[in-house]
Amino acid sequence: MEAQLSVRAILLLSLLSLLSLLARSSSSSVSHDIQIVNAERRIDLTSHIVKVFLTLKVENIGSSPVSDIYLAFPPTQVDHLALVKAAATVGKRKKKSYLPLEVNPTELPDAPNGTKYFSISLVNPLSAGETLTIEVLYILTHSLEPFPVEISQSESQLVYYHDSAIILSPYDIKKQTTFLKTPSTKLESFTKVEPTNRAGTELKYGPYENQSPHSFSPIIVHFENNNPFAVVEELVREVEISHWGNLQITEHYKLMHAGARHKGVFSRVEYQSKPSFSGVSSFKNLLARLPPGVHSAYYRDEIGNISSSHLRTDPWKSELEIEPRYPLFGGWKSTFIIGYGLPLQDFLFESPDGRRYLNFSFGCPLVETVADKLTIKVVLPEGSKDPSAVVPFPVEQHLETKYSYLDIVGRTVVVLEKRNVVPEHNSPFQVYYTFNQVFMLAEPLMLASVFFFLFVTYVAYLHIDLSIRK
């Protein structure tokens with residue numbers, strides 16, 4: 001009996017070892033089937049939004065077609081990833097074009113040190129021996145760390161950026177180079193991983209050759225960045241549709257300067273007399289890019305209307321320049337409301353199946369701004385049914401009900417929520433719904449009924465004899 005148990009134990013251990021070996025081989029097959037012939041990475045640090053442009057020339061050195069290419073990110077960057085886009089290069093030189101590719105987060109077994117992966121789905125599988133050039137754009141937010149964390153009104157802002165001189169990848173990379181572009185030539189310090197070269201505002205790491213999978217060489221760059229660190233902690237945008245010809249937009253902002261915190265006393269005299277030296281990292285105005293055809297725009301806060309705003313319109317765009325009541329330094333906050341109207345015929349259309357749909361822009365209209373949380377509420381006309389939203393990226397969706405003047409059953413509200421929103425999210429989205437024209441008569445009939453009741457009451461009052469008789 002003991003011999004049988006020992007044999008079963010040996011068989012079980014052998015099976016587990018085989019499964020572990022298969023898991024390792026399946027995860028390592030990613031690296032053996034594809035190799036990166038050349039990789040070039042350009043990191044733009046000129047704003048508080050970090051943009052990384054990655055060009056990969058991949059080659060299938062396996063024996064079977066490959067349908068997915070994997071991107072690797074260290075766990076410290078995954079939480080700051082706002083967007084990952086990829087496109088395949090088709091053609092050469094003047095005839096070059098880009099074919100968008102689908103990118104999705106994925107899990108791979110035995111990921112070293114918490115590495116996270118995104119899979120790029122190829123339109124056509126990459127056959128054995130073929131090569132393909134892929135352009136990747138990924139954007140990082142809250143990745144620049146102010147140091148020192150507090151500065152006075154007259155000091156410049158210095159920040160840290162952490163990354164790797166070697167591109168993290170699950171594949172062998174034959175040759176690679178990384179370029180970092182800073183907003184100015186003032187570079188306090190940087191990690192050297194030879195060969196490293198600096199020229200003006202550009203820092204070059206590499207070229208490095210024959211790097212094995214998951215190679216990593218941490219670097220820190222300490223540099224000056226006085227660009228506005230404008231972060232919208234929360235933006236709630238309400239889009240109210242009226243079939244009587246108007247689209248009303250109301251946006252509630254909670255704005256913050258996310259740079260180095262201000263220390264000491266603020267001197268407005270010094271700020272205005274020495275604008276090139278005092279408060280160089282602060283900002284006192286913002287630009288909002290709005291749709292064309294804006295009318296009845298307003299800008300106010302809890303105190304009331306703010307007159308320091310300028311609206312410029314033309315047939316192609318509208319720009320609203322706003323100025324808060326006080327300049328924003330690091331750690332300071334401001335809350336305000338922007339509202340405006342739009343002609344309905346430019347944004348509401350009818351689909352071939354008879355449904356109506358709103359075509360509007362997602363994202364935050366403030367230029368070079370990160371929105372930690374964006375909520376869009378599309379208020380449909382009363383009587384609308386079967387609402388659905390089409391957004392080009394993942395968002396959270398749910399429905400609410402709102403009651404307004406003369407409403408009986410309330411208006412359906414389609415709520416879309418997304419975190420970590422950057423300017424590249426300013427893409428069109430659609431909200432579909434069905435609507436019966438009879439409901440357009442509801443409010444006029446209700447108003448007519450009220451006026452008729454008041455008229456009858458007034459006439460009856462005139463015919464009542466209120467005199468006192470003996």
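Leaving aside its neighbours within four places in sequence, which residues is Gln-35 in contact with? The list is Lys-57, Val-58, Glu-59, Ile-61, Tyr-171, Asp-172 and Lys-174. Keep in mind that you're looking at a predicted model. Gln-35 makes a handy starting point for a walk through it, so let's begin there: at 15% relative accessibility, this residue counts as buried, because buried means under 20%.

**The whole chain**

First, a step back. The protein chain has 470 residues, and 42% of them count as buried. It holds four helices and 30 strands. Its accessible surface comes to about 25300 Å², and 56% of that belongs to carbon and sulfur atoms. If you take the contacts with a separation of 6 or more, 74% of them are between residues 24 or more positions apart.

**Around Gln-35 and Val-58**

Back to Gln-35, which is found in strand β1, residues 34–44. β1 runs antiparallel to strand β2 (residues 50–60), and ten bridges join the two. They form a hairpin, with five residues between them. To spot one rung of this pairing, look for Asn-38, whose bridge partner in β2 is Lys-57.

On its other partner, β2 pairs with strand β7 (residues 131–140), again in the antiparallel sense and over ten bridges. Here Val-58 stands opposite Leu-132 in β7. What does Val-58 touch, not counting residues up to four places away in sequence? Its contacts are Ile-34, Gln-35, Ile-36, Ile-69, Leu-126, Glu-130, Thr-131, Leu-132 and Ile-134.

Val-58 also belongs to the largest nonpolar core, which has 52 residues. Val-58 is one of those with the most contacts inside this core, along with Ile-69, Leu-71, Ile-120, Ile-134, Tyr-161 and Tyr-205. Strand β3 (residues 66–73) gives the core its largest share, six residues. Apart from this core lies another, of 47 residues, including Tyr-253, Phe-362, Cys-364 and Phe-429. Some of those names will come back below.

**Two open sheets**

One open sheet has four strands in the order β8-β10-β15-β12, with antiparallel pairing. Its edge strands are β8 (144–146) and β12 (187–190), each pairing on one side only. From one strand to the next, the twist averages 20 degrees. β8 and strand β10 (residues 158–164) pair over three bridges, and Glu-145 stands opposite Tyr-160 in β10.

Just before β15 in the chain comes a loop worth a look: Pro-213 sits there, between β14 (202–211) and β15 (218–224). Is Pro-213 buried or partly exposed? It is partly exposed, with a relative accessible area of 26%. The C-alpha atoms of Pro-213 and Asp-172 are separated by 5.1 Å, though the two residues are 41 residues apart along the chain. Asp-172 is also one of the contacts of Gln-35.

Another open sheet has seven strands, in the order β20-β23-β17-β16-β26-β29-β28, and its pairing is mixed. Here β20 (295–300) and β28 (396–402) are the edge strands. The twist averages 15 degrees from one strand to the next. Within this sheet, strand β17 (residues 246–257) and strand β23 (residues 333–343) run antiparallel, joined by eleven bridges. Met-256 has Lys-333 in β23 as its bridge partner.

**Aromatic pairs**

The count comes to 16 aromatic pairs. Two of them are set out here.

| Pair | Centre to centre | Angle between planes | Kind |
|---|---|---|---|
| Tyr-253 and Phe-336 | 4.9 Å | 20 degrees | stacked |
| Phe-362 and Phe-429 | 5.9 Å | 85 degrees | edge-to-face |

Tyr-253 lies in strand β17 and Phe-336 in strand β23, so this pair ties together parts that are 83 residues apart in sequence. Tyr-253 is buried, with a relative accessible area of 2%, and Phe-336 counts as buried at 3% relative accessibility.

As for the edge-to-face pair, Phe-362 lies in the loop between β25 (356–361) and β26 (370–379), while Phe-429 lies in strand β30 (residues 428–434), so the parts tied together are 67 residues apart in sequence. Phe-362 and Phe-429 are buried.

Finally, ring pairs link Phe-266, Tyr-271, Tyr-326, Phe-329 and Trp-332 into a cluster.

Terms used
Residues numbered from 1 in each chain as written. Predicted model: local features only at pLDDT ≥ 70, side-chain atom pairs only at ≥ 80, totals over all residues. Heavy atoms only, no water. Pairing = 2+ DSSP bridges. Axes fitted to C-alpha atoms, helices over the stretch in contact; angles between N-to-C directions. Buried < 20%, exposed > 50% of the residue type's maximum accessible area, 1.4 Å probe, protein only. Contact = heavy atoms within 4.5 Å. Core = buried A, V, L, I, M, F, W, Y, C linked by side-chain atoms within 4.5 Å. Areas by Shrake-Rupley, 256 points an atom, 1.4 Å probe, with all protein chains shown as cover. Phe/Tyr/Trp six-rings, centres within 6.5 Å; stacked < 30°, edge-to-face > 60°.
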